Amino acid sequence: MWSNFVFSLGATLPVFAVMVLGYLLRRAGFLTHGFCHVGNQLVFHLALPAMLFRQIAGMGMGVLAHGPFVIFGAAASLLSVFLVWIPARLFLRDKTEVGAFTQGAFRGNTALLGSVFLQSISGSTEYAPLIVLAAVPIYNVFSVIVLSLESGGRGKLDGKRVRQALVNVCKNPIILGIVLALPFGIFGIPLPQMADKALASLGGMASPLALLVIGAEFRWEAAVKKLSPTLWAAAVKLLLLPGVMLPLAAALGFRGEELIALLIMLGSPTTPSAYVMSKNMGHEGVLTSSCIALTTLLSALTLTGWIFLLRCGGYL
């Protein structure tokens, strides 16, 4: 268990440290508001689509052999959205927080941390592209839908807002990158070497640049005011969703590396791309950045605890 804890710290603390670095660089005057705005735009329109395109395009035909796993992962991702969104609409007092809360509580860092965690915990990254395929398209599509419908906090799902949400889905560059990559991944079409290297270079800057911008735009005084919804979102993301889905997966016969992959998909910290999307769709971003910071900090403990419980139960 100690080795799992040390590994989890090693995987999550560097992510948190880059956010802290962004905060310190902003305080020192190195990172300006203009830089953060341009950085957000660059990550949203170019770096993240390139990263996800390359990940999904590189899956290969092997994905077809894991159909039941992908189907369950997609179903669990979809169910997670509504397990968060419906209660958020019902119980959050500040309706302007519903979109940010919902996205922060269901959208995990699968694409950025999935392969890192899987390699260290199970010694294999075989399931990394599978959880990307199962979760990332659903996370991104429903993030756009939720953020669009809940914009302004009016809470009314009128036809105009629904149509605008669908338009936003079709125009979203991250979703377009995923859709364009699917034929390459499903049918095993190889990317030309030059294209693969270019995408690797562009996608490689998505995570560090997003984390720097999140840290640079983080405001302690504003985050403290959002402490209660942040704590609730972190509890849902790290404890409730894995607590609901993992027993169901075990009951259906998933074991070993499959359960570890599902744990990473469901219980990983909130992804930095949630902040990028939130800011680019007109939301404030304070609650989202707070969710990312807190879940990243706490996930070393919670992921280790889940691994311990799964091992004690004889599932790993």
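This is a guided tour of one protein chain, with a suggestion at each stop of what to select in your viewer.

**The whole chain**

Begin with everything displayed as a cartoon, and keep in mind throughout that you are looking at a predicted model. As you turn the chain, you can look for its 15 helices, while a search for strands will give you 0. The C-alpha atoms fill a box of roughly 45 × 45 × 45 Å when the box is taken along the principal axes. The radius of gyration is 18 Å, and because a compact globule of 316 residues would have a value near 20 Å, the chain agrees with that expectation. Among contacts between residues at least 6 apart in sequence, 84% join residues that are at least 24 apart.

**The surface and the charges**

Next, switch on the surface, which has an accessible area of about 13700 Å², with 70% of that area belonging to carbon and sulfur atoms. If you then select the charged side chains, you will find 21 positive and 11 negative ones, and the centres of these two sets lie 6 Å apart. Beneath the surface, buried residues make up 53% of the 316 residues in the chain.

**The nonpolar core**

Now hide the surface and select Phe69, Phe101, Leu118, Leu262 and Met265, which are the residues with the most contacts inside the largest nonpolar core, a set of 90 residues. Helix H6, which runs over residues 128-149, gives the most to this core, contributing 16 residues. Stay for a moment with Phe69 and show what surrounds it: leaving aside residues up to four places away in sequence, Phe69 touches Tyr127, Leu130, Ile131, Phe254, Glu258, Ala261 and Leu262.

**Val136, in helix H6**

Select Val136, which you will find in helix H6. Is Val136 buried or exposed? Its relative accessible area is 5%, and because buried means under 20%, Val136 counts as buried. Apart from residues up to four places away in sequence, Val136 touches Leu52, Ala111, Ile131 and Ile178. You can also draw a distance from Val136 to Met245, since these two are 109 residues apart along the chain and their C-alpha atoms are separated by 17 Å.

**Phe91, in helix H3**

Move on to Phe91, whose place is in helix H3, residues 67-91. Phe91 has a relative accessible area of 66%, and it is therefore exposed, as this term means over 50%. From Phe91 to Pro272 the distance is 25 Å, C-alpha to C-alpha, and the two are 181 residues apart in sequence.

**Leu9, in helix H1**

Finish with Leu9, which lies in helix H1, the helix covering residues 2-28. Leu9 counts as partly exposed, with a relative accessibility of 26%. Outside the residues up to four places away in sequence, Leu9 touches Pro14 and Ala300. As a last selection, add Thr295: although Leu9 and Thr295 are 286 residues apart along the chain, their C-alpha atoms are separated by 12 Å.

Notes. Residues are numbered from 1 along each chain as its sequence is written. This is a predicted model: local features need pLDDT of at least 70, side-chain atom pairs count only at pLDDT 80 or more; totals for chains, interfaces and linings use all residues. Side-chain values use heavy atoms; hydrogens and water are left out. Helices (H or I, at least four residues) and strands (E, at least two) are DSSP runs, numbered from the N terminus. The radius of gyration is taken over C-alpha atoms; the globule rule is 2.2 Å times the number of residues to the power 0.38. Buried means under 20% relative accessible area, exposed over 50%, partly exposed in between (1.4 Å probe, protein chains only). Contact means heavy atoms within 4.5 Å. Accessible areas come from the Shrake-Rupley method with a 1.4 Å probe; for residues, only the protein chains shown count as cover. Lys and Arg count as positive and Asp and Glu as negative; His and the chain ends are not counted. The place of a charge is taken as NZ of Lys, CZ of Arg, CG of Asp or CD of Glu. A nonpolar core is a set of buried Ala, Val, Leu, Ile, Met, Phe, Trp, Tyr and Cys residues joined through side-chain atoms within 4.5 Å.
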